[in-house]
Every structure is written in structure tokens, then in C-alpha cells.
Amino acid sequence: MKYDGSLSYKGTVTPLQKVMLWRRSFRKYRDGVVTAEQAAEIDAAARAFSGRMGFDSPAIRTTVAPAEFKAVVGAALKGVVGKINPWLPFTKAGAMILAIGNPLKAPVFGDRRVGVAQIAMVMEAAVLHAASMGLGTCWMAGINSREIEKTLGLPDEREIIAISTLGHPPAGISLLSWDGMTHHLVSKKRKPLSELVFVDRLGVRIPDSGFSQIGSIEGDALGAIFNAARVAPSADNVQMWRFVIAHAPETKMALLAALPGGCRASFQQAPLLIAALAEPWFVKGSRREQPFFMIDVPIAISHIVLQAAELGIACAVEFGVDEAAVKAAVGAGEGFRAVALVALGNQRRNT
Ligand SMILES: Cc1cc2nc3c(=O)[nH]c(=O)nc-3n(C[C@H](O)[C@H](O)[C@H](O)COP(=O)(O)O)c2cc1C
């Protein structure tokens, strides 16, 4: 990604921000083995994140066994959808992170399957952990997931939501390679914060003075949190996430009313509430049956959760919201989707 200086906190780039900046989708790898210990470390990091979030659906499994890797690649490439990744048959990555889950274990609201969102968040935690170890990844949803499920012999209720290659990235990228071209033409561009974050209503931009006047979270921290979301990966780099900060008491009241009763009281006490939505989008490709807004927006939310944690700010996420009520509260028009409400707490003093 092109570093524009925005990913920092009080003038320094934090360790997590360095990882987020280093991570990108690697479609070219050099020779080198990912060890079973490294795989176990990634799986443990994903499990720890899932446990901290209180999720029950996701399972991240990193496979380094050559036979299984080959079988997953072969299955992923089958059919029309499998042709989206022409680089995959030749990859030297050697290992794969599999995002597997039982989406029915968590609530389902039509096409808003909370389990899918949870798996996406945990997968991104795994991807970032891999990056912190110097390992390259590439999220892939343009895959024949049914074939992979069959190949792995997964029980009916288990689904492959996405996979990612895992391997040693090359020292440099040639501009003329598939990796270089996709990186330069599509991947490294990100929308400015002014197109992603709004105050009280969708379309109402953050004031020129920045975040310092909004809510009771320190402005620098809030800026860091939204910039962390901004650099998250998304399918086709669409960046469909939109965030609306509840600043006016009426907005907060209206958003609180959209929450399930069980978590309303704790969200009410939070200094800041944020509605996470998806802008209507058009995803290219012939057979992408995944509801991408339940994958991409949660990925950005996982960056929010992790950045908040690094800055010592408590963070809660609720996907089980009344979608119509959230949309009405922030003036979201037709086609927009409401994904979650995010609550931010007070910053611990020692950070
Ligand atoms: C849910 C999801 C699915 C993706 N599917 C593919 C894929 O099938 N093939 C691919 O090459 N890249 C895929 N990507 C990678 C995106 O193109 C990439 O994240 C985006 O362009 C941003 O670039 P970056 O990851 O290098 O920052 C996917 C990313 C996400 C989040």
C-alpha cells in the first residue's frame, strides 16, 4: 500500500500499524518452508482473538502438509470461479490458511449471517499475525469453496468462507509480474478517510478540525482507529465500509434502540458508538455467491478492534442489530447495508 503518513498515533507509527502497513496481498512467493510451529502459532493467535471476542463459530486451520496444500489448490481452482486466480497453480507459498466455520452456530438475519462475519474477523487476525511473523498472505474468496469442503471432507454444517496462501514473500516485486501489476493497478490504493467516516448521518463529513471534537475518545486515538480500518484488505479492493459516529445524543439513542436488549446497557455506557455499514457495491466476477459485505466490513472492524486494543481502548462489537433501525438512525438510503454497531470505551491511562 502507498503510505500516506496517516497511519500513526501521536506522530509515531505503532508496532501494530507497522504490521498493517507491511501486510499486503502477496501473489508471488519465494522458496521456503512454513514450519508446523509457525502454523501452530498463527492458529493459536486466531483462537485467542476468537476467544477474546466471545465467538463460537470460527475455526482457522493452517495447513502446511504438502499433500493437503496441493489438494486444496486443485479444488479451489475447479470450475468458472476457480479461474479468478490464475497465479495459484504456480504458487511457491507452500502453506494455506483456511477460514472454516459453522455459520449456523451464530444468529442468522436473512443474508446477514453473523457466523460469516465472525469467521472473517478471525481470519484477518490470523493474516495480521502471519504478517507480524514476516509471512505473506493473500485472502482468496474467488475459489471453489464447495470443492474444497468436499476435498477436506468437512461435515455439511461446516463452510469454507475464504482461504489464504501463506508463505515467504519475495525480496522485491517485478512490476510486470501478476503480483506487481495487481498491486500497482488495484491493491495499493485506499479511499481517503473523508469518504469513509461520517458524523451522525451518512454523507456528513468529519469537521476540518478532525476527530478531537467528536465524542469523548481522544482525537489522535480515534484517527488511528479509523485509519487502521481504512487500510484493511477487501475483495477487489472495493472498500465498501462506511462508518457513522454517533455524536448527537439523538443518534446515540436511536442506535441504542437498534441493539438486542441483552447488550443495550453496556453499549449505553460507552463513550462512543459507531455504526458500521456497507455502501452498495458492484463486485465483478461471475459467481461470487458470498455476501461480501459480511466479510469485508468485519475485516475492517477487526482492524478497529485490534487498533483499539493496542491503544488500551475497550471495544465491543454487536452484529445482531436491527438493520432497518440502524439505517434509519444514520439516514442510510436504499442499497446500504447495516452490518454492526461498535462501542469504544475509555482509554487506559498507561498507554
Ligand atoms: C474477502 C476477500 C477476498 C479476496 N479474494 C481474492 C482473490 O480471490 N484473489 C486475489 O488475488 N485477491 C483476493 N483478495 C485480495 C484483494 O484483492 C486485496 O486485499 C485488495 O486488492 C487490497 O490489496 P492488499 O491486500 O494488497 O492491501 C481478496 C480480499 C478479500 C478481503
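**Helix packing, domains and the ligand shell**

Helix α2 passes α4 in a right-handed crossing. The model described here is a predicted one, and this pair of helices is a good place to begin exploring it. Helix α2 spans residues 36-53, and its axis lies 8 Å from that of α4, with an angle of about 140° between the two. Angles over 145 degrees count as roughly antiparallel, and the angle of about 140° therefore makes α2 oblique to α4. On the α2 side, the contact is formed by Ile42, Ala45, Ala46, Phe49, Ser50 and Met53. Their partners in α4 are Met121, Val122, Ala125, Ala126, His129 and Ala130. Sorted by class, the residues of this contact comprise 10 nonpolar and two polar ones, with no charged residues.

Helix α4 also takes part in the meeting of the two domains. The protein is divided into domain 1, residues 27-167, and domain 2, residues 191-347. Taken over C-alpha atoms, the centres of these domains are separated by 25 Å. Where the domains touch, 21 residues of domain 1 are in contact with 17 residues of domain 2. On the domain 1 side, the elements giving two or more residues are β4 (112-113), α4 (114-132) and β6 (159-167). Which of these elements gives the largest share? That element is α4, with eight residues. The side of domain 1 that touches domain 2 holds 16 nonpolar residues, one polar residue and four charged residues.

Two further helix pairs can be followed in the structure. In one of them, helix α7 (residues 219-230) meets helix α10 (residues 293-310), their axes coming within 7 Å and crossing at roughly 145°. This crossing of α7 and α10 is right-handed. From α7, the residues involved are Ala224, Ile225, Ala228 and Ala229, while α10 brings Ala300, His303, Ile304, Gln307 and Ala308. By class, seven of the residues in the contact of α7 with α10 are nonpolar and two are polar, and none is charged.

The other pair is made up of helix α8 (residues 249-256) and helix α11 (residues 323-330), whose axes come within 8 Å and cross at roughly 170°. Because of this angle, α8 is roughly antiparallel to α11. Thr251, Ala254 and Leu255 are the α8 residues in the contact, and they meet Val326, Ala329 and Val330 of α11. Five nonpolar residues and one polar residue make up the contact of α8 with α11, with no charged residues.

Finally, attention turns to the ligand. How many residues surround the ligand? There are 22, and the closest are Arg24, Gly142, Ser187, Pro233 and Asn237. Helix α10, already met as the partner of α7, supplies at least two residues of this shell, as do β5 (136-140) and α6 (178-187). Both domains contribute to the ligand's surroundings, with at least three residues of the shell drawn from each of domain 1 and domain 2. The shell is mixed in character, with 12 nonpolar, six polar and four charged residues.

Note on methods: Residues numbered from 1 in each chain as written. Predicted model: local features only at pLDDT ≥ 70, side-chain atom pairs only at ≥ 80, totals over all residues. Axes fitted to C-alpha atoms, helices over the stretch in contact; angles between N-to-C directions. Helix = DSSP H or I, 4+ residues; strand = E, 2+ residues; numbered from the N terminus. Left-handed = near helix turned anticlockwise from the far one by under 90°. Contact = placed C-beta atoms within 7 Å. Nonpolar A, V, L, I, M, F, W, Y, C, P; charged D, E, K, R; others polar. Near = placed C-beta within 6 Å. Domains from an automatic or database assignment. Parallel < 35°, antiparallel > 145°, perpendicular 65-115°, else oblique.
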